[in-house]
Amino acid sequence: MMTSNMETEGRADEGSSSQRDPPQNTGSYDFSLTPQDSRPTEDSQPAEKLVPVEEPIVVDRKAIEKLTEGLLSHYLPDLYSSKQALLELNQNQVILLDTLDQEVTKFRECNSLLDLNSLFTEAKFYHGKLVNIRKDMIMLHEKTTKLKKRALKLQQQRQKEAMEKEQQREKELERERQLIAKPAKRT
């Protein structure tokens with residue numbers, strides 16, 4: 001209904017403007033034939049077969065504005081809805097990219113967890129080795145302690161034997177002195 005009113009007004013405006021004003025140059029080119037162009041040449045066809053050229057259409061400025069408004073009102077809602085759909089799609093893509101980044105981060109963390117698991121396994125292995133070394137050191141400490149005690153006992157026994165031999169020798173020396181004849185005393 002809007003377009004029919006616009007068409008009627010446009011036609012009314014066209015009729016009145018074409019009757020009142022001379023045709024304006026709207027920037028379009030006139031491709032109609034002039035009397036000079038209608039002369040037959042050697043290569044051209046006779047003038048009877050030429051198609052008649054219509055005169056250029058002069059359109060009022062108001063009609064152009066109304067046609068432009070009609071065209072815009074017809075296409076703008078679809079363009080706005082397409083723009084909204086594209087904005088929503090862009091937002092969804094941003095959300096999807098963020099989600100993918102989070103998933104990649106989770107996968108990297110899983111890989112680092114695998115590395116941590118291998119580190120824990122290795123730490124457990126070396127802890128076992130340290131426990132074994134500690135046991136060996138405790139056993140060696142006990143053995144050295146026993147050896148020191150034994151060495152001390154042996155040293156004490158040797159000292160005792162050496163002392164007993166010394167005492168034995170002193171007794172023998174004393175006995176020999178006693179056995180040695182003493183000269184009688186002159187009275």
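**Surface patches and an aromatic pair in a two-helix model**

K146 is located in helix α2, which covers residues 61–179. The structure described here is a predicted model. Its secondary structure consists of 2 helices and 0 strands. The protein has 187 residues, of which 3% are classed as buried. Its accessible surface amounts to about 18,700 Å², and carbon and sulfur atoms contribute 57% of this area.

K146 takes part in a positive surface patch, together with K143, K149 and K153. The relative accessible area of K146 is 61%, and K146 therefore counts as exposed, the cut-off being over 50%. This value also satisfies the accessibility condition for patch residues, because that condition asks for over 30% relative accessible area.

A nonpolar patch is also present on the surface, made up of L71, L72, Y75, L76, L79 and Y80. The accessible area of these residues together is about 620 Å². One of them, Y80, is found in helix α2. Y80 has a relative accessible area of 52% and is thus exposed, since the class begins over 50%.

With regard to aromatic contacts, the count comes to 1 aromatic pair. This pair is formed by F125 and Y126, with 5.2 Å centre to centre and 70° between the planes. The arrangement is edge-to-face, because planes over 60 degrees apart are assigned to that class. Y126 has a relative accessibility of 45% and counts as partly exposed, because this value falls between the 20% limit for buried and the 50% limit for exposed residues.

Methods
Residues numbered from 1 in each chain as written. Predicted model: local features only at pLDDT ≥ 70, side-chain atom pairs only at ≥ 80, totals over all residues. Heavy atoms only, no water. Patch = residues over 30% accessible without salt bridge, like charges linked within 9 Å, V, L, I, M, F, W, Y side chains within 5 Å. Areas by Shrake-Rupley, 256 points an atom, 1.4 Å probe, with all protein chains shown as cover. Salt bridge = Lys/Arg side-chain N within 4 Å of Asp/Glu carboxyl O. Lys, Arg positive; Asp, Glu negative; His and termini not counted. Charge placed at Lys NZ, Arg CZ, Asp CG, Glu CD. Helix = DSSP H or I, 4+ residues; strand = E, 2+ residues; numbered from the N terminus. Buried < 20%, exposed > 50% of the residue type's maximum accessible area, 1.4 Å probe, protein only. Phe/Tyr/Trp six-rings, centres within 6.5 Å; stacked < 30°, edge-to-face > 60°.
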